[in-house]
Amino acid sequence: MTGRADKNLYSFLQTGFPADPAAACLILTNKEEISYGLLQQESARYANLLASLGILPGDRVAVQVKKSPQALFLYLGCLRAGAVFLPMNDAYRRHEIGYFLADATPRLFVCRPQNRALADELAAAAGVVHILELDDDGGGTLAKAAAAQPDTFVTVTRHADDLAAILYTSGTTGHPKGAMLSHGNLAANALVLHRFWGFKAGDVLLHMLPIFHAHGLFVAIHCALLNGSSMFFEPQFDAGRALDILPRATVFMGVPTFYVRLLAEQGFTRELCTGMRLFISGSAPLLKETFDEFKARTGHTILERYGMTEGGMFTSNPYDAERRGGTVGFPLPGTTISIVNDAGAPVKAGEAGNILVKGPQVFVGYWRMPEKTQDEFTEDGFFSTGDMGRIDEDGYITIIGRSKDLIITGGLNVYPKEVEEMIDELAGVVESAVIGLPDPDFGEVVTAVVVRLKSGVGDALTEAGIIGSLKGSLAGFKVPKRVFFVDDLPRNTMGKVQKNVLRDRCKEFLLQRFKQNEVSNESTF
Ligand code: AMP
């Protein structure tokens, strides 16, 4: 029953649905529209299906499918039935899927038909009771079974602390951890973002993000649903499609790579964006250069925000005041951020430290990892994000990087971002990543990986040239000892540079060189 005490996230989102059930919720690539009325009916069918399978509130439903309206119905159906939604990146393979199923012990696993044999094997090993299929066009045994269900469902009452979803973190070290998010966590963040970003009647969202991640699933979809908005619901990012749709949209949310790709399109013009109200970026650092170029090209100032799987959004640049490039703005209303040194004491303005956060959106803990959870929370309830940052005298927060990416060389701290910014300013550099490599003398040595322009000025860049240029402007210990050149920086689907991959590649490269006893002043891999 959706009584007064009900904190089911679906019931909360529903408060924003338009009065007219015929109003469009999803507008698909083939121009087909799914109305809010249909969304309610379809989510009811999926919720009924879950109940008919004996899935009880609190049971996990693991899902590894492509983005489709049916995948969204399933998410909403889980919320309504009180099941815990567990989306998986579709790039995950045997090892990862097996681990998630064994760890989360879902009652139902929804997979793509082409992965059925693997799903059967892994699900059997993990004791998963049901397997259903959802194909990339929204068909398959899941959709078929849902279609046979009644189209009304009384949304199950949930408390604010009851789990709504488990999202596994990317886990660059050790095993991925399942971040448990409650109905209360997700509702609190949806409410604050909806207000803070000024959502209003008539807003239309262009949705091109994946929906296995907090950015696309929670931040984007919750804001749109709570606003009763229409969403252009595209299967993935496509710059050409974005140019077609932008004149009909008002809000766009993307990872920095989306913005870089839009700017690479000649047809991406100011005229195309005249109807747009807001461009939001996050999930990875937006280069100041991209921020500036975007403003010059479109007249729009990208609003950058910061958050993570373990709680959604924590900070945002302001909607009505200055949005400062290279920063992630201020703590959201109701959120407290504290920047502390390794001893846990707050640092002075402008000084770098570890970012701690407290707020109603901060997750409940890691699934079946009570000790790990305890380690990551301070005694006074702050969550240690693992990110490093600083707050300037105006209160704007800058993210410096993950604390595990901090380089300690000869006992001195080097923040990769500071060195990357200097390298990126050199003529002929497209972008760079700075990492630490193990070294017997220094512990770690600063190492740069650089993408050069594929033209004259880029060709002229050499390892010695870059090191020489930096020597004049950076303290000696921060200057990279080695520079590697690559065609592209490895990034995950959310646009994050995978520094662990770079570290492995550099180590492997140096090992091979060492074995072959080769010496060269030009290293490309
Ligand atoms: P995820 O859990 O996949 O959402 O990744 C969260 C991490 O992405 C954070 O801990 C940050 O390291 C990074 N991140 C998210 N937003 C930003 C941003 N605007 N600038 C820099 N890093 C970001």
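Is Arg 45 buried or exposed, and at what relative accessibility? In this predicted model, Arg 45 counts as buried, with a relative accessibility of 19%, and the close-up views described below begin with the salt bridge to which this residue belongs.

**View 1. A salt bridge within helix H2 joins Glu 42 and Arg 45**. The two side chains meet at 3.7 Å, taken from N to O, and both residues belong to helix H2, which covers residues 36-52. Because Glu 42 and Arg 45 stand three residues apart in this helix, about one helical turn separates them. Glu 42 has a relative accessibility of 18% and counts as buried, and Arg 45, at 19%, is likewise classed as buried. Side chains of opposite charge can pair when their charged atoms come close.

**View 2. Lys 288 and Asp 292 form a salt bridge within helix H11**. Here the N to O distance is 3.0 Å, and the partners are four residues apart in helix H11 (residues 288-298), so that about one helical turn lies between them. Lys 288 is partly exposed, its relative accessible area being 43%, and Asp 292, with a relative accessibility of 34%, also counts as partly exposed.

**View 3. A salt bridge between Arg 491 and Glu 431 links distant parts of the chain**. The side chains meet at 3.1 Å, N to O, although the two residues are 60 residues apart: Arg 491 lies in the loop between strand E25 (482-486) and helix H16 (499-516), while Glu 431 lies in strand E23 (residues 429-439). Arg 491 is partly exposed, with a relative accessible area of 34%, whereas Glu 431 is buried, with a relative accessible area of 17%.

**View 4. Glu 322, Arg 324, Asp 392 and Asp 394 are joined into one network of salt bridges**. The bridges in this network share partners, which is how the four residues come to be connected. In the structure as a whole, there are 24 salt bridges.

**View 5. The ligand is surrounded by a shell of 15 residues**. Those that come nearest to the ligand are Glu 304, Arg 305, Thr 309, Asp 387 and Lys 496. Strand E13 (303-308) and strand E20 (397-402) each supply at least two residues of the shell, and E13 gives the most, with five residues. Sorted by class, the shell comprises six nonpolar, four polar and five charged residues.

**View 6. Side chains of Thr 309, Asp 387 and Arg 402 approach oxygen atoms of the ligand**. A polar side-chain atom of Thr 309 lies 2.6 Å from a ligand oxygen, and a polar side-chain atom of Asp 387 lies 2.5 Å from an oxygen atom of the ligand. For Arg 402, an N or O atom of the side chain is 3.0 Å from a ligand oxygen. The ligand taken alone exposes 500 Å², of which the protein buries 90%.

**View 7. Cys 111 and Cys 273 are buried cysteines in a structure with zero disulfides**. The closest cysteine sulfur to that of Cys 111 belongs to Cys 78 and is 15 Å away, which is too far for a bond. Cys 111 has a relative accessibility of 0% and therefore counts as buried, and Cys 273, also at 0% relative accessibility, is classed as buried too. A search of the whole structure finds zero disulfides.

Note on methods. Residues numbered from 1 in each chain as written. Predicted model: local features only at pLDDT ≥ 70, side-chain atom pairs only at ≥ 80, totals over all residues. Heavy atoms only, no water. Disulfide = S-S within 2.5 Å. Buried < 20%, exposed > 50% of the residue type's maximum accessible area, 1.4 Å probe, protein only. Near = heavy atom within 4 Å. Polar contact = N/O pair within 3.5 Å; in protein donor to acceptor, adjacent residues only side chain to side chain. Areas by Shrake-Rupley, 256 points an atom, 1.4 Å probe, with all protein chains shown as cover. Nonpolar A, V, L, I, M, F, W, Y, C, P; charged D, E, K, R; others polar.
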